[in-house]
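Biologist: I have not seen this one before. Can you take me through it?

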Amino acid sequence: MTQWSGYFGLILQGALVTIELTLMGSVLALIMAFLAGMGRLSRFFLLRALATAYIEFFRGTSIFVQLFFAYFVLPLLGLELTPLQAGVLALGLNVGAYAAEVVRGAVQSIGREQHEACIALNLGRWQGLRTVILPQAFLVMLPTFGNNAIELLKATSVVSLISLADLTFQAQVVRAQTGNTMVPFTTILILYFILALLISWGVRLLERHLARGLDGVRV
Amino acid sequence: MDWDWDFVRQILPTLIQGVKITILATLLGSVLAAIVGLGIALARRSPSKAVSRSVGWAAEFVRGTPLLVQLYFIFYVLPDVGILLPPLVAGVIGLGLHYGTYTAEVYRAGIDNVPRGQWEAAKACNLSAMQTWSHIIIPQAIPPMIPALANYFIAMFKETPLLSAITVLELMNQAKSVANTYYRYLEPITLVGAFFLAISLCSVVLLRWLERRYGKIER
């Protein structure tokens with residue numbers, strides 16, 4: 001009879017690493033999404049080109065390859081990263097590229113009249129963006145951001161391949177130690193699913209909170 | 001560490017071996033995903049509540065858990081219950097099932113987009129349910145969703161490196177094995193990245209063309 005409680009503790013440790021990665025990756029992705037998304041809408045050609053290159057590169061190559069590049073190739077170029085840093089970097093930059101397109105789409109979906117109203121009120125570009133456009137656009141972005149966060153959560157499983165002890169890695173450890181495959185893998189599948197449900201639930205809650213008072217405004 | 005063209009020339013044949021497997025896995029996975037997606041979309045419209053609910057939940061579960069863990073599950077757990085699959089078959093099934101749950105949503109939207117009048121006309125012409133689907137609904141629903149489907153197939157293509165985790169000798173695995181043999185990571189991993197970027201950029205052009213050709217919904 002296997003002592004499952006100890007192994008379950010191991011898997012919970014993995015879950016903590018997965019959650020940590022998801023949170024840190026999401027923060028980086030959010031920052032990159034706004035930088036690149038706004039960059040694509042910039043007046044300056046250089047910024048637009050830079051943002052487009054970033055987005056196309058990270059959407060065009062596989063997350064898996066990016067992670068391996070960050071972990072195995074960057075040290076050769078003189079940038080030594082721990083597995084956690086490499087994981088957060090690759091995940092954040094990859095998902096950030098997808099989310100940047102969401103930012104761009106949402107900002108562009110805000111009607112012309114809002115921009116005109118900003119000019120009429122004599123708001124500067126930055127003021128108008130911060131106080132009028134982005135609060136409305138953010139609400140449009142939220143549901144897709146939720147999906148992106150779930151994608152990021154699922155992508156964290158890949159970091160187990162660069163020896164970071166996340167859920168998937170710990171499941172492999174348990175599998176190697178007990179010889180039982182069914183139990184650890186079923187457990188982590190359910191844990192991942194619960195985490196994904198938590199994210200979509202949290203995003204829905206945030207959306208309802210932010211949409212309060214906007215009922216009459218949005219078409 | 002410097003870039004070495006001689007080394008590149010030396011490893012290129014091995015990498016091309018891997019490219020073939022990568023493309024094969026993508027094609028087979030796409031076909032399976034297209035079929036599975038249609039099956040799920042039809043099952044979710046089933047008049048029986050039990051069928052549509054359970055299929056809906058199963059799809060939700062598959063979509064909320066990482067592909068890597070699903071691949072492990074198919075490759076390592078199924079042999080416990082007596083289903084022993086070769087790596088490539090397990091990989092294609094994993095890709096097909098995972099992306100099938102995504103394409104199901106595309107099919108759902110495509111089917112919902114067929115105007116009500118078409119359903120009524122089919123009924124007026126006394127077509128059976130089977131005839132209505134195969135002659136009226138599906139032929140009209142498919143063309144507008146081709147770009148969205150192609151989008152998921154490209155996404156699947158970028159997920160194929162995960163198959164290396166279940167010992168399929170695709171591009172990533174070949175690159176890793178040459179890297180481990182010669183202890184040079186820079187060239188193999190960079191080439192893999194360049195290859196994925198090249199194919200993705202080409203497929204973006206193809207996608208734009210598909211969008212122009214099929215994307216418009218005629219009313």
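Modeller: We will go through chain B, one of its helices, and then the contact between the chains.
This is a predicted model, where local features need pLDDT of at least 70, side-chain atom pairs count only at pLDDT 80 or more, and totals for chains, interfaces and linings use all residues. Residues are numbered from 1 along each chain as its sequence is written, and chains are lettered from A and ligands numbered from 1 in the order in which they are written.

Biologist: How many helices and strands does chain B have?

Modeller: Chain B has 8 helices and 0 strands; helices (H or I, at least four residues) and strands (E, at least two) are DSSP runs, numbered from the N terminus.

Biologist: What share of chain B is buried?

Modeller: Of its 219 residues, 38% are buried, meaning 20 or more other C-beta atoms, placed from the backbone, lie within 10 Å of the residue's own.

Biologist: Why is helix α3 of chain B largely enclosed?

Modeller: Because 9 of the 11 residues of α3(B), residues 67–77, are buried. Among them are L67(B), Y72(B) and F75(B).

Biologist: What covers those buried residues?

Modeller: The cover includes α6, α7 and α8 of chain A, together with α4 and α6 of chain B.

Biologist: Now the contact. How many residues does each chain give?

Modeller: Chain A gives 26 residues and chain B gives 29, with contact meaning C-beta atoms, placed from the backbone, within 7 Å.

Biologist: Which helix supplies the largest share on the chain A side?

Modeller: That is α8(A), with 8 residues.

Key
A residue is buried if 20 or more other C-beta atoms lie within 10 Å of its own, exposed if 12 or fewer, and partly exposed in between; C-beta atoms are placed from the backbone. Two residues are in contact if their C-beta atoms, placed from the backbone, lie within 7 Å.
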